[in-house]
Amino acid sequence: MSDGDLAAHLADVAGRILIEVRRSGLFSAKALGKAGDQTANQFLCHALRETRAADGLLSEEEKDNAERLTQERVWIIDPVDGTREYGEERPDWAVHVGMAVNGTAVLGAVALPDLDGGTVLRSDQPRPLPPAPEKLRMVVSRTRPASEALAVAERLGAELVPMGSAGAKTMAIILGQADIYLHSGGQYEWDSMAPVAVAAAHGLHCSRIDGSPLVYNQADVYLPDLLICRKEHADQILDMIADVKAEIAA
């Protein structure tokens, strides 16, 4: 099985496991997220150690192992991105399975198990992007939209689209449901690595909000901000972000 096939298969199976955990009806809303996270994480980590034993591994739900810092190929996974949405049976949660090589997000699969009976988007099987509408749409957090995102959306005249997980937000651009994902409220490597790999493979711009590269498999896995959008909009949005940050600092 190729790395791309493996990533997609693992994300798909983990998503179906999570659906079954939820369907069991055994967990309260608070306990469901923890049960789903741990169950999916066990499957993903055991499967990767069985099939790609020579590679490094970083998971949100696994104790970090510094050995990964010495390895070129490192799998980075998030068993449930959007725990609240998963528990609420909304479609905007995801399973992230991706691989960074020498710090770059090169491979990713993002499963959206509650979307259309289960959808997996892959970096190795890009699809044509729908054309951008005249009025751009920006995905933002359902509960805590970033101040920079709100300010840039206002300047662009963009429509705000509240959504849950980082993976769902990124895939919304590929699926034609949005055009910009600007986040500055704090994230970790597992929140964005697989989605960034998929987005980049589809020809989207992916960077930090200052325009610098997104670098993975670092000792400090905190990666607080990102911009994902169509390449033709990137320079304008980055300039707006810089202006907004300068105004805030003044």
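Two residues are in contact here when they have heavy atoms within 4.5 Å of each other. Counting contacts with a separation of 6 or more in the protein chain, 64% come from residues 24 or more positions apart.

Before going on, a word on what you're looking at. This is a predicted model, in which local features need pLDDT of at least 70 and side-chain atom pairs count only at pLDDT 80 or more, while totals for chains, interfaces and linings use all residues. Residues are numbered from 1 along each chain as its sequence is written, and side-chain values use heavy atoms, with hydrogens and water left out.

**The whole chain**

The chain has 7 helices and 10 strands. Both are DSSP runs numbered from the N terminus: helices are H or I with at least four residues, strands are E with at least two. Its C-alpha trace spans about 50 × 40 × 35 Å along the principal axes. The radius of gyration (taken over C-alpha atoms) is 17 Å, which agrees with the value near 18 Å for a compact globule of 250 residues; that rule is 2.2 Å times the number of residues to the power 0.38. 54% of the 250 residues are buried. Buried means under 20% relative accessible area, exposed means over 50%, and partly exposed is in between, using a 1.4 Å probe and protein chains only.

**A sheet with a helix on it**

Now zoom in on an open sheet of 5 strands, which has mixed pairing and the order β7-β6-β8-β10-β9. At its edges sit β7 (159-163) and β9 (204-207), each pairing on one side only. Neighbouring strands are turned by 25 degrees against each other on average, direction ignored. Two strands pair if DSSP finds at least two bridges between them. Strands β8 (residues 180-183) and β10 (residues 226-230) have 4 bridges and run antiparallel; Leu182 has Leu227 of β10 as its bridge partner.

Helix α5 (residues 166-174) packs on this sheet and touches β6 (137-141), β7, β8, β9 and β10. The direction of α5 makes about 155 degrees with that of β8; such angles run from 0 to 180 degrees between N-to-C directions, with axes as lines fitted to C-alpha atoms, for helices over the stretch in contact. Because 9 of the 9 residues of α5 are buried, the helix is largely enclosed by the rest of the structure. Even Lys169 is on the buried list, along with Met171 and Ile173, among others. At the N-terminal end, Ser165 acts as a cap, with a side-chain oxygen 3.2 Å from the backbone nitrogen of Gly167. Just after α5, Gly176 takes a positive phi of about 80 degrees.

**A serine and two asparagines**

Ser192 belongs to helix α6 (residues 189-201). Which side chain does the side chain of Ser192 make a polar contact with? The partner is Tyr216, at 2.8 Å. A polar contact is a pair of N or O atoms within 3.5 Å; within protein, one must be able to donate a hydrogen and the other to accept it, and residues adjacent in sequence count only if both atoms are side-chain atoms. Leaving aside neighbours within four places in sequence, Ser192 also touches Gln187, Leu223 and Leu226.

Asn102 and Asn217 both have a positive phi without being glycine. Here are these residues with Ser192:

| Residue | Place | Relative accessibility |
|---|---|---|
| Ser192 | helix α6 | 3%, buried |
| Asn102 | loop between β3 (94-101) and β4 (104-112) | 57%, exposed |
| Asn217 | loop between β9 and β10 | 10%, buried |
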